[in-house]
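Student: Please take a close look at one salt bridge in this model. Then show me how its surroundings fit into the rest of the chain.

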Amino acid sequence: YRQIIVNSYRHVILTSLETMDKIMGAVTQTDAWLGIQSSDPEIQLSEKKYNQVMKKIGAYVSPDLAEELSEAVSGCINALERPAILYGISLVDTVRAVASNPTALSKFMMKRTGRDAE
């Protein structure tokens with residue numbers, strides 16, 4: 001019986017992870033997200049600098065190595081993207097939880113500063 005519960009739990013977790021993977025893939029492919037990537041000034045500046053550096057590197061390395069470097073950088077960016085989005089979602093959950101109980105936050109802040117609220 002215990003093994004059935006463990007297997008069910010694993011199935012739920014795996015299914016949840018697969019679902020979240022699909023959601024994250026969809027989030028990063030929306031027109032809104034792609035629009036941000038194509039119009040955000042900080043992203044544009046970073047891409048410009050990246051392209052300048054890649055052009056300079058091209059004079060010293062083979063095209064295959066330059067492509068490998070470009071793919072590695074893209075991989076790093078993609079690896080950062082999903083955790084950053086999930087972290088943002090978790091922050092929203094935290095803010096929502098605290099906002100739903102402002103008295104608890106006041107009590108916490110008073111206790112932290114030595115002004116205990118009973």
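Tutor: D21 and R82 form a salt bridge in this predicted model, with their closest N and O atoms 2.4 Å apart. The cut-off for such a contact is 4 Å between a side-chain nitrogen of Lys or Arg and a carboxyl oxygen of Asp or Glu. Side chains of opposite charge can pair when their charged atoms come close.

The pair links distant parts of the chain. D21 sits in helix α1, which spans residues 2-27. R82 sits in helix α4. The two residues are 61 positions apart.

Is this pair buried or exposed? Neither label fits D21: its relative accessibility is 42%, so D21 counts as partly exposed. R82 has 30% relative accessibility, so R82 is partly exposed as well. The limits behind these labels are under 20% for buried and over 50% for exposed.

How many salt bridges does a search of the whole structure find? The count is 2. Besides the D21 pair, R96 forms a salt bridge with D93. Here the closest N and O atoms are 3.5 Å apart. Both R96 and D93 lie in helix α4. They are 3 residues apart, about one turn of the helix. R96 counts as exposed because its relative accessibility is 53%. D93 is at 42%, so D93 counts as partly exposed.

Helix α4 also matters for the pocket search. The largest pocket has a volume of about 560 Å³. Its lining is made of 17 residues, and the closest to the centre are Q37, I43, E47, I77 and E81. Which helices each supply at least two residues of that lining? They are α2 (31-39), α3 (41-58) and α4 (63-99). The largest share comes from α4, with 8 residues. By class, the lining holds 9 nonpolar, 5 polar and 3 charged residues.

Next, the nonpolar surface. V98, L105, F108 and M109 make a nonpolar surface patch of about 350 Å². Helix α5, residues 102-112, gives the most to this patch, with 3 residues. F108 has its place in helix α5. The relative accessible area of F108 is 52%, so F108 counts as exposed.

Now the whole chain. There are 5 helices and 0 strands. Read along the sequence, the pattern is α-α-α-α-α. The chain has 118 residues, and 7% of them count as buried. The chain exposes about 10,000 Å², of which carbon and sulfur atoms supply 63%.

Back to the part you asked about. The D21 and R82 salt bridge joins helix α1 to helix α4, whereas R96 and D93 both belong to helix α4. That helix also gives the largest pocket the largest share of its lining.

How values were computed:
Residues are numbered from 1 along each chain as its sequence is written. This is a predicted model: local features need pLDDT of at least 70, side-chain atom pairs count only at pLDDT 80 or more; totals for chains, interfaces and linings use all residues. Side-chain values use heavy atoms; hydrogens and water are left out. Patches are made of residues with over 30% relative accessible area and no salt bridge: like charges are joined within 9 Å, nonpolar side chains (Val, Leu, Ile, Met, Phe, Trp, Tyr) within 5 Å. Accessible areas come from the Shrake-Rupley method with a 1.4 Å probe; for residues, only the protein chains shown count as cover. Helices (H or I, at least four residues) and strands (E, at least two) are DSSP runs, numbered from the N terminus. Buried means under 20% relative accessible area, exposed over 50%, partly exposed in between (1.4 Å probe, protein chains only). On a 1 Å grid over the protein atoms alone, a cavity is a set of points where a 1.4 Å probe fits but cannot get out, and a pocket is an open set with protein on both sides within 12 Å along at least five of seven lines; lining residues have an atom within 4 Å of a point. Grid points are joined across faces, edges and corners, and a volume is the space filled by probe spheres set on the points. Ala, Val, Leu, Ile, Met, Phe, Trp, Tyr, Cys and Pro count as nonpolar, Asp, Glu, Lys and Arg as charged, and the others, Gly among them, as polar.
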